[in-house]
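Biologist: I've got a model open and I'd like to learn how to read it. Can we go through it feature by feature?

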Amino acid sequence: MAQHRHEPWHPTALRLPLDLWAGFSPGLSLGLPTSCAGCGRWETALCPRCRELLEAEPFAVEHADAAGDLDIQALASYTGPVRTMVLGWKNGAREDLSEVMARSGRHLGRWWAQTHAPDEVWADPPRGTRALLVVPAPSGVARRLRGRLVAARLADAVTRGISEQWAE
Ligand SMILES: [Zn+2]
């Protein structure tokens with residue numbers, strides 16, 4: 001009876017030279033194929049369709065009763081691939097989304113600043129001081145303890161977008 005002899009699997013056999021690892025995404029560095037952070041499509045960290053979802057025109061959110069009389073704008077609906085991407089970014093599974101999330105935050109800040117001129121925001125400015133606070137929704141305790149202050153990073157990106165737009 002013929003038997004196939006299988007070599008024991010050694011993870012070290014898959015090691016690549018360090019300079020080759022540098023070009024791979026975090027998913028590949030763990031030995032896993034890369035998949036889209038939104039829809040799960042293989043061989044890409046973020047497919048064009050999911051990227052477009054984060055780059056769409058912001059829109060006003062109606063019926064956000066908890067916000068009282070505040071105007072609410074959103075970049076995307078928190079459903080489907082967008083929800084998957086946001087959750088992956090928030091919990092650290094998709095740290096590779098940090099740059100695209102920051103770009104989305106800047107995009108939202110620029111968009112907001114285009115429709116809110118400084119003179120409108122500070123119609124009656126206090127003496128010599130103008131301040132605009134971008135306040136992130138607080139992260140949960142577990143996320144704060146892990147140092148994953150993603151809402152704060154997003155707020156920083158929104159602030160940068162506002163500053164860039166008003167500086168032009
Ligand atoms: Zn996708």
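Biologist: Let's start with burial. What percentage of the 168 residues in the protein chain do buried residues make up?

Modeller: One thing up front: this is a predicted model. Buried residues make up 25% of the 168 residues in the chain. As for the surface, the chain exposes about 12,100 Å², and carbon and sulfur atoms supply 58% of that.

Biologist: How many helices and strands does the chain have?

Modeller: There are 8 helices and 2 strands. Read from the N terminus, the order is α-α-α-β-β-α-α-α-α-α. For a feel of how the chain comes back on itself, take the contacts with a separation of 6 or more: 54% of them are between residues 24 or more positions apart.

Biologist: Suppose I want to check a helix. Why does the span of helix 5 agree with what it should be?

Modeller: At 1.5 Å a residue, the 18 residues of helix 5 should span 26 Å, and the end C-alpha atoms are 26 Å apart, so the two agree.

Biologist: And which residues of helix 5 are buried?

Modeller: Start with the general idea. An α-helix has 3.6 residues a turn, so residues three or four places apart point the same way. In helix 5 the buried residues are Val 100, Met 101, Ala 102, Ser 104, Gly 105, Leu 108, Gly 109, Trp 111, Trp 112 and Ala 113. Their cover includes helix 3, strand 2, helix 4, helix 6 and helix 8.

Biologist: Ser 104 caught my eye there. Why does Ser 104 count as buried?

Modeller: Buried means under 20% relative accessible area. Ser 104 has 4% relative accessibility, so it counts as buried. Skipping neighbours within four places in sequence, Ser 104 is in contact with Leu 54 and Leu 75.

Biologist: Now the charged one, Glu 164. Where does Glu 164 lie, and which residues is it in contact with, leaving aside its neighbours within four places in sequence?

Modeller: Glu 164 sits in helix 8. With those neighbours set aside, its contacts are Arg 106 and Arg 110. Glu 164 and Arg 110 are 54 residues apart along the chain, yet their C-alpha atoms are separated by 7.1 Å. As for accessibility, Glu 164 is at 30%, so it counts as partly exposed.

Biologist: Let's do pockets. How many residues line the largest pocket?

Modeller: The lining has 36 residues, and Gln 73, Ala 74, Leu 108, Leu 154 and Val 158 lie nearest the centre of the pocket. Strand 2, helix 4, helix 5 and helix 8 are the elements that each give two or more residues to that lining. Helix 8 gives the most, with 6 residues. The space inside comes to about 1,300 Å³.

Biologist: How do the lining residues divide into nonpolar, polar and charged?

Modeller: The split is 27 nonpolar, 6 polar and 3 charged.

Biologist: On to backbone angles. Which residue in the loop between helix 2 and helix 3 has a positive phi although it is not a glycine?

Modeller: The general idea is that most residues other than glycine have a negative phi. Here, Glu 43 has a positive phi of about 70°, and Glu 43 lies in the loop between helix 2 and helix 3. With 68% relative accessibility, Glu 43 counts as exposed.

His 63 is another case: its phi is positive, about 60°, and it is not a glycine either. His 63 lies in the loop between strand 1 and strand 2. It has a relative accessible area of 75%, so His 63 is exposed.

Biologist: Back to the loop between helix 2 and helix 3, where Ser 35 lies. What is Ser 35 in contact with, leaving aside its neighbours within four places in sequence?

Modeller: Ser 35 is in contact with Gly 40, Arg 41, Trp 42, Thr 44, Ala 45 and Arg 94, once those neighbours are set aside. You can also check a C-alpha distance: Ser 35 and Cys 47, 12 residues apart along the chain, have C-alpha atoms separated by 8.7 Å.

Terms used. Residues are numbered from 1 along each chain as its sequence is written. This is a predicted model: local features need pLDDT of at least 70, side-chain atom pairs count only at pLDDT 80 or more; totals for chains, interfaces and linings use all residues. Side-chain values use heavy atoms; hydrogens and water are left out. On a 1 Å grid over the protein atoms alone, a cavity is a set of points where a 1.4 Å probe fits but cannot get out, and a pocket is an open set with protein on both sides within 12 Å along at least five of seven lines; lining residues have an atom within 4 Å of a point. Grid points are joined across faces, edges and corners, and a volume is the space filled by probe spheres set on the points. Helices (H or I, at least four residues) and strands (E, at least two) are DSSP runs, numbered from the N terminus. Ala, Val, Leu, Ile, Met, Phe, Trp, Tyr, Cys and Pro count as nonpolar, Asp, Glu, Lys and Arg as charged, and the others, Gly among them, as polar. Buried means under 20% relative accessible area, exposed over 50%, partly exposed in between (1.4 Å probe, protein chains only). Contact means heavy atoms within 4.5 Å. Accessible areas come from the Shrake-Rupley method with a 1.4 Å probe; for residues, only the protein chains shown count as cover. The expected span of a helix is 1.5 Å times one less than its number of residues.
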